[in-house]
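Trainee: I keep running into labels without knowing where they come from. Can we go through some together?

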Amino acid sequence: MISVAAYELAQVNISRLKFPLDSPELKDFVDALDPVNASAEAADGYVWRLQSEGGDATDIKVFGDDWLIINLTVWRDTNALTAFMYQGQHRELLSRRREWFEKVTEAMTALWWVPAGHRPTVAEAESRLLHLRANGPTPYAFTLRTSFPAGASEPVSLAVPEDLGCGV
């Protein structure tokens, strides 16, 4: 049995802005970043978040797209992440997300287990999102609705075994 404490939960979500970050339309969102980040850091189960010298990650490129912003965090487990997401000021911001961000059909959020102490990179987060988009939830990249236990984070092979008798 794998010790859950040996793993932590990485979470990425990206959003496509409707307006430039310095626009009046995004003022409420931008003004809430520092308080929401502070509440995340104080939350039970919070481990780490990606940030630049500015204190947040709004100036860190993801997928080479200036209109995408990234939130990349590490939590103790899915319960800790969920408890933070759906309470307080973060919940209020979630309820207003359509004002600030484009609605997209592709997966914009992915979760995966990392060894305790590992800090995921933007490239790693992009890889997990692309995997989720291509394959749906697997132990390599999953969602809160369809999650997997810690320690099962290797990519799922989609190759057909040779001994199935299929020559294609």
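Trainee: What makes R133 partly exposed?

Mentor: Its relative accessible area is 29%. Buried means under 20%, exposed means over 50%, and partly exposed is in between (1.4 Å probe, protein chains only), so R133 counts as partly exposed. By the way, this is a predicted model: local features need pLDDT of at least 70, side-chain atom pairs count only at pLDDT 80 or more, and totals for chains, interfaces and linings use all residues. Residues are numbered from 1 along each chain as its sequence is written, and side-chain values use heavy atoms, leaving out hydrogens and water.

Trainee: Why is K103 called exposed?

Mentor: K103 has a relative accessible area of 66%, and exposed means over 50%, so the label fits.

Trainee: How do you know that R133 forms a salt bridge with E106?

Mentor: The closest N and O atoms of R133 and E106 are 3.6 Å apart. A salt bridge needs a side-chain nitrogen of Lys or Arg within 4 Å of a carboxyl oxygen of Asp or Glu, so this pair passes.

Trainee: Which parts does that pair tie together?

Mentor: R133 lies in helix α5 (residues 122–135) and E106 in the loop between α4 and β4, so parts 27 residues apart in sequence are tied together. Helices here are DSSP runs (H or I, at least four residues), and strands are too (E, at least two), numbered from the N terminus.

Trainee: What makes D31 and K27 a salt bridge?

Mentor: Their closest N and O atoms are 2.6 Å apart, within the 4 Å limit. D31 and K27 sit 4 residues apart in helix α1 (residues 27–42), so about one helical turn separates them.
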